[in-house]
Amino acid sequence: MAKTITAPRPALLAPGLSRLERWKLRGPLLPALIFTILLTQFPFLLTLIYSVQNWNLLSAKPAVFNGGANFLDTFGDEVFWRSIGNTGLMTGVSTVACIVVGLGLALLLNHKFPGRGIARTLAITPFFVMPVAVTLFWRSAMFDPGFGLFGWFSRLLGLPAVNWLSEYPLAALIILLTWRFTPFALLILIAGLQSAPQEQLEAARVDGAGPLRQFGSILVPHLRPYIELTALLLAMNLVQTFGEIALLTAGGPAFGTTNITYYIYLKGFNSFDLGTASAFGVVALVITIALVLPALRLLSGIFQKEGRR
Amino acid sequence: MTTTTSRPATMSPARRQIAIRRRPSKHLKSVLMGLGGWLGSLLLFLPIAYMVLKSFQTEPDAAAAAPKLIFTPTMENYKGVFEAGFWPYAINSIIVVLVSTAVVIALAVPAAYALSIRPVAKSQDVLFFFISTKMMPIAAGIIPIYVIATALGVLNTLGILIVMHIGMNLPLAIWMIRSFMQEIPAEIMEAAAVDGASRWRGLRSIILPLVRPGLASTALLCGVFSWNEYFYALNLTNSTSTLPLFLQKFLSFGELYTAHVAAAATLLSIPVIIAGWIAQKSLVRGLLFGAVK
């Protein structure tokens, strides 16, 4: 308590604030905070407890403590490590692809042209459509080698039609995810471009700087926090990918497209091995925290540099 | 380019000559940028347009090797969707979206207030706690939630879905609404305080009207996420569920039919597409989270 008072804070938190006053400030926050803690932190605690138990819903035996056996299983499970690799690959490649495509389109859409508003509205639509619905549609109407649009297009070019889902399932998944999330990158990056320092750009133009120089030495530094924020938000969403995997490839073939989320789902809800699934969850949680901490530092860096009045 | 350089430079002073030479190339550039912008946007939209097109085709037309652009439209696919028990799931979806979004906004507005207008101590830390919950793997918490829901007898109910959707959207809503509240000039708040407006009145009659567009787009985005949500629906419900699960069940009967998929996918996506289009303007400001200006 004493710490919060002595810390240099806005005037509202002057040392004169009584205990009651401080609780009055906190009051509006509490319902949301308590709800979130109960719903997100409490389950993790239970996951931790389940992870050291031998508990399979298919066997009649009650859950018993089995020490680190589930973790030994986890560390020895080749598919688990593969699923972590897949998660990293899918998240990383899709995030970069979304930002590259999104930035390219944002640069184009930042210029005035007839119907720009409509073009932009059409471009952001994939972000809103129901993922389950479009995934099922892509599976047959886009990826099918016989009558899918991609197959038709490759035949048009005189190339053999590729069976994306069996030959390049991970690439197919990344294409779908990139298509779905590029609009999100686009939305934020357009906003970034619109706030670009026009006087500086004009001055650079007068000084004879070409478009590339302008882009490299003025736009990129200006856009950096926007790109970082986009990458962070995209990665946060892409790491959790589930529906697309379940309905496009069902994690296959041979676990080639299984990510952590999907593997925990398979262990828990297909094999009903709640103990091992919980151990997967704990390891995934530890890895995520290791990745999230630098991400949070990055985000708070963005805050201190730019925003905040 | 070639036309501009071959233009005869007759009787014009040097400066005008430069202007003439520059204008067409600038014009050409902006035409190319416009074309590129349209091309890129249409390419992103193409799968959706193609989906709508296929939804009006017969199955044999939809399974043709080359895309058919000219065909006799049929409503059979849509009829099939409605006949497969669409409405109970649709009503469930509407209930879950409306109730969860209403609760999210009701919880998020006071929380955002306590994190921006009259900030609590360490409000930045609280804010980062909220966003960090969105980074945690959802799968790491699903097993205890399943076990607890079973114990409480709420598995396969709309209640559990509503609770999970609130948890899913609350951090996002708090961040977005907070960033809209941050934009309110401090002078307005001070003036209200000088006028002796109570905090409650200040919130209701000054802040809420100012952030209303932001609230609307936050609610629309939360609604979109709730409508589209699949992971909790699949793991926590079965017969009493929402439209994503209906779609999955609808298609698991027999073979995967492209035209039927297209019709169902189009139908289910219409509400969220409209919501997204309405929300897009103020969405960006909210999504920037007040992190960058």
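**Figure 1. The contact between chain B and chain A in the predicted model.** Chain B contributes 107 residues to this contact, and chain A contributes 106 residues. The area buried between the two chains is about 9400 Å², and carbon and sulfur atoms give 77% of that area. Leu44(B), Met135(B) and Ile143(B) supply 8% of the area that chain B buries against chain A, more than any other three residues. The size of an interface is often given as the accessible area lost when the parts come together.

**Figure 2. Polar and nonpolar character of the interface between chain B and chain A.** Eleven residue pairs are in polar contact across the interface, both residues of each pair being at pLDDT 80 or more. Zero salt bridges are found across the interface of chain B and chain A. On the side of chain B that touches chain A, helix α2 of chain B (residues 14-55) gives the most, with 16 residues. By class, this side of chain B comprises 79 nonpolar, 20 polar and eight charged residues.

**Figure 3. The largest nonpolar core.** This core holds 181 residues. Those that touch the most other members are Leu29(A), Phe130(B), Ile143(B), Met181(B) and Leu243(B). Helix α10 of chain A (residues 169-194) gives the most to the core, with 17 residues. In soluble globular proteins, nonpolar side chains tend to be buried together.

**Figure 4. The surroundings of Leu243(B).** Leaving aside neighbours within four places in sequence, Leu243(B) is in contact with Met130(A) of chain A. Within chain B, the contacts of Leu243(B) on that basis are Phe86(B), Tyr89(B), Ala90(B), Ser93(B), Trp227(B) and Leu268(B). Leu243(B) is also one of the residues that touch the most other members of the largest nonpolar core.

**Figure 5. The salt bridge between Arg180(A) and Glu244(A).** Over all chains, the count comes to three salt bridges, and this pair is one of them. The closest N and O atoms of Arg180(A) and Glu244(A) are 2.8 Å apart. Arg180(A) lies in helix α10 of chain A and Glu244(A) in helix α13 (residues 243-248) of chain A, so the pair ties together parts that are 64 residues apart in sequence. Both Arg180(A) and Glu244(A) are buried.

**Figure 6. The salt bridge between Arg224(A) and Glu228(A) in helix α12 of chain A.** The N to O distance between these side chains is 3.0 Å. Because Arg224(A) and Glu228(A) are four residues apart in helix α12 (residues 211-238), about one helical turn separates them. Arg224(A) has 47% relative accessibility and therefore counts as partly exposed, whereas Glu228(A), at 13%, counts as buried. Side chains of opposite charge can pair when their charged atoms come close.

**Figure 7. The salt bridge between Lys79(B) and Glu76(B) in helix α4 of chain B.** The side chains of Lys79(B) and Glu76(B) meet at 3.4 Å, N to O. These residues are three residues apart in helix α4 (residues 76-83), and so are separated by about one helical turn. Lys79(B) counts as partly exposed at 44% relative accessibility, and Glu76(B) counts as partly exposed at 48%.

**Figure 8. Thr121(A) and its contacts in chain B.** Thr121(A) lies in helix α6 of chain A (residues 116-124). With a relative accessible area of 15%, Thr121(A) is buried, because the cut-off for a buried residue is under 20%. Not counting residues up to four places away in sequence, Thr121(A) touches Trp277(B) and Gln280(B).

Definitions and conventions: Residues are numbered from 1 along each chain as its sequence is written. Chains are lettered from A and ligands numbered from 1 in the order in which they are written. This is a predicted model: local features need pLDDT of at least 70, side-chain atom pairs count only at pLDDT 80 or more; totals for chains, interfaces and linings use all residues. Side-chain values use heavy atoms; hydrogens and water are left out. Contact means heavy atoms within 4.5 Å. Buried area is the accessible area (1.4 Å probe) that two parts lose on being put together, summed over both. A salt bridge is a side-chain nitrogen of Lys or Arg within 4 Å of a carboxyl oxygen of Asp or Glu. A polar contact is a pair of N or O atoms within 3.5 Å; within protein, one must be able to donate a hydrogen and the other to accept it, and residues adjacent in sequence count only if both atoms are side-chain atoms. Helices (H or I, at least four residues) and strands (E, at least two) are DSSP runs, numbered from the N terminus. Ala, Val, Leu, Ile, Met, Phe, Trp, Tyr, Cys and Pro count as nonpolar, Asp, Glu, Lys and Arg as charged, and the others, Gly among them, as polar. A nonpolar core is a set of buried Ala, Val, Leu, Ile, Met, Phe, Trp, Tyr and Cys residues joined through side-chain atoms within 4.5 Å. Buried means under 20% relative accessible area, exposed over 50%, partly exposed in between (1.4 Å probe, protein chains only).
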